[in-house]
Amino acid sequence: MATLRAALRGLRPRPFFGPADAPLRRRSSGAGLLYPEHIPTSPLQKVLLAAGSAGMALYNPYRHDMVAVLGETTGCYTLKVLRDQMKRDPEGAQILQERPRISLSTLDLGKLQSLPEGSFGREYLRFLDVNRVSPDTRAPTRFVDDEELAYVIQRYREVHDMLHTLLGMPTNILGEIVVKWFEAVQTRLPMCILGALFGPIRLNSQSLQVLVSELIPWAVENGRRAPCVLNLYYERRWEQPLGALREELGLTAPPLHVQGLA
């Protein structure tokens, strides 16, 4: 298990400093700082950050740091809507109160590996291994001027790989675009909408045809049918069979296997 943890740590270095398991809570020290990584910015600075990060994210969708900045500087209104949805849901409200974090330091990899085949936790661990990704690559929130909303967008980032697992999507460009369409319908976050609309320009003609004719309609339908994915306490669903969890959320199997497409 130590070998698996070391392997996951070495996959993609985390682009920003700060412990991934630190809860986002208001802190008293530091002038104007609402949480440990907070960087206060003016409206003009947010506009400039949004414009620059949007250009870089569209040029290179794997620049997760730029995608993170774009989400934080454009999503204030939508984050309030998502926060209110969580507060109205018992499970979502509990998540907001307890502020769980997802990282290698909070995950019990030994427990996940010991779970039965087909369980959500085991399939999530398989997703990390097959796609060579680590939960520690998620950047900390920095530009959201509200500590509760900062946690909401942090939670969205940290459950992203779990959405890949639920939807059966790999981390290639096509898989990421499909997940972005699902997230755009679910969250209405501007960065998700931009990623869904402009991401396909990097696809070849075959993949673009498959995306438009089959995968986008499937992602949109599932996004509309599923309850808010931020209201799911994923860490308490590890033992649940993946098929049963998909059925609970109203998710259907993807119309085709996209691992080999790009």
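Start your tour at helix H5, whose buried residues pack against helix H4 (76-88) and helix H8 (147-158). Before you click further, keep in mind that this is a predicted model.

**Stop 1: around H5**

Select residues 90-98, which make up H5, and colour Gly92, Ile95 and Leu96: these are the buried residues of the helix. Do they sit on the same side of H5? They do, because they cover an arc of only 95 degrees around the axis. As background, an α-helix has 3.6 residues a turn, so residues three or four places apart point the same way. Now swing round to the other side of H5, where Pro90 and Gln97 are exposed.

Next, look at the two ends. At the start of H5, show aspartate 89 and glutamate 91: a side-chain oxygen of aspartate 89 comes to within 3.0 Å of the backbone nitrogen of glutamate 91. After H5 comes arginine 99, and its phi is positive, near 55 degrees.

**Stop 2: leucine 149**

Hop over to helix H8 and pick leucine 149. Is it buried or exposed? Leucine 149 counts as buried, because its relative accessibility is 3% and the cut-off for buried is under 20%. Which residues does leucine 149 touch, once those up to four places away in sequence are set aside? Show Cys76, Leu79, Lys80, Arg83 and Val144 to see them. Try the distance tool on one of these partners: arginine 83 is 66 residues from leucine 149 in sequence, yet their C-alpha atoms are 6.8 Å apart in space.

**Stop 3: the rings**

Time for the aromatic side chains. How many aromatic pairs does a search of the whole structure find? The count is three. Select phenylalanine 120 and tyrosine 234, a tilted pair with 6.1 Å centre to centre and 40 degrees between the planes. Phenylalanine 120 belongs to helix H7 (residues 120-131), while tyrosine 234 is in the loop between helix H12 (205-225) and helix H13 (242-249), so this pair ties together parts that are 114 residues apart in sequence. Both phenylalanine 120 and tyrosine 234 are buried.

Add tyrosine 124 and tryptophan 238, which form a stacked pair: 5.5 Å centre to centre, with 20 degrees between the planes. Here too, the pair ties together parts 114 residues apart in sequence, because tyrosine 124 is in helix H7 and tryptophan 238 in the loop between H12 and H13. Tyrosine 124 is buried, at a relative accessible area of 0%, and tryptophan 238 is buried as well, at 6%. Keep these residues on screen together, and you have a cluster of Phe120, Tyr124, Tyr234 and Trp238 linked by ring pairs.

While you're here, show arginine 236 and tyrosine 233. Arginine 236 lies over the face of tyrosine 233, at 4.1 Å from the ring centre.

**Stop 4: the core**

Now select leucine 166 and tyrosine 234, the residues with the most contacts inside the largest nonpolar core, which has 67 residues. Helix H10 (residues 173-187) gives the most to this core, with eight residues. Leaving out neighbours within four places in sequence, the contacts of leucine 166 include Phe120 and Tyr234 from the ring stop, along with Leu242, Leu245 and Leu249.

**Last stop: zoom out**

Switch to a cartoon of the whole protein chain: it has 13 helices and zero strands. Buried residues make up 53% of its 262 residues. Among contacts in the chain with a separation of 6 or more, 75% come from residues 24 or more positions apart.

Note on methods:
Residues are numbered from 1 along each chain as its sequence is written. This is a predicted model: local features need pLDDT of at least 70, side-chain atom pairs count only at pLDDT 80 or more; totals for chains, interfaces and linings use all residues. Side-chain values use heavy atoms; hydrogens and water are left out. Rings of Phe, Tyr and Trp (its six-membered ring) pair if their centres lie within 6.5 Å; planes under 30 degrees apart count as stacked, over 60 as edge-to-face and the rest as tilted. Helices (H or I, at least four residues) and strands (E, at least two) are DSSP runs, numbered from the N terminus. Buried means under 20% relative accessible area, exposed over 50%, partly exposed in between (1.4 Å probe, protein chains only). A charge sits over a ring if NZ of Lys or CZ of Arg is within 6 Å of the ring centre and within 35 degrees of the ring normal. The arc is that of the directions from the helix axis to the C-beta atoms. Contact means heavy atoms within 4.5 Å. A polar contact is a pair of N or O atoms within 3.5 Å; within protein, one must be able to donate a hydrogen and the other to accept it, and residues adjacent in sequence count only if both atoms are side-chain atoms. A nonpolar core is a set of buried Ala, Val, Leu, Ile, Met, Phe, Trp, Tyr and Cys residues joined through side-chain atoms within 4.5 Å.
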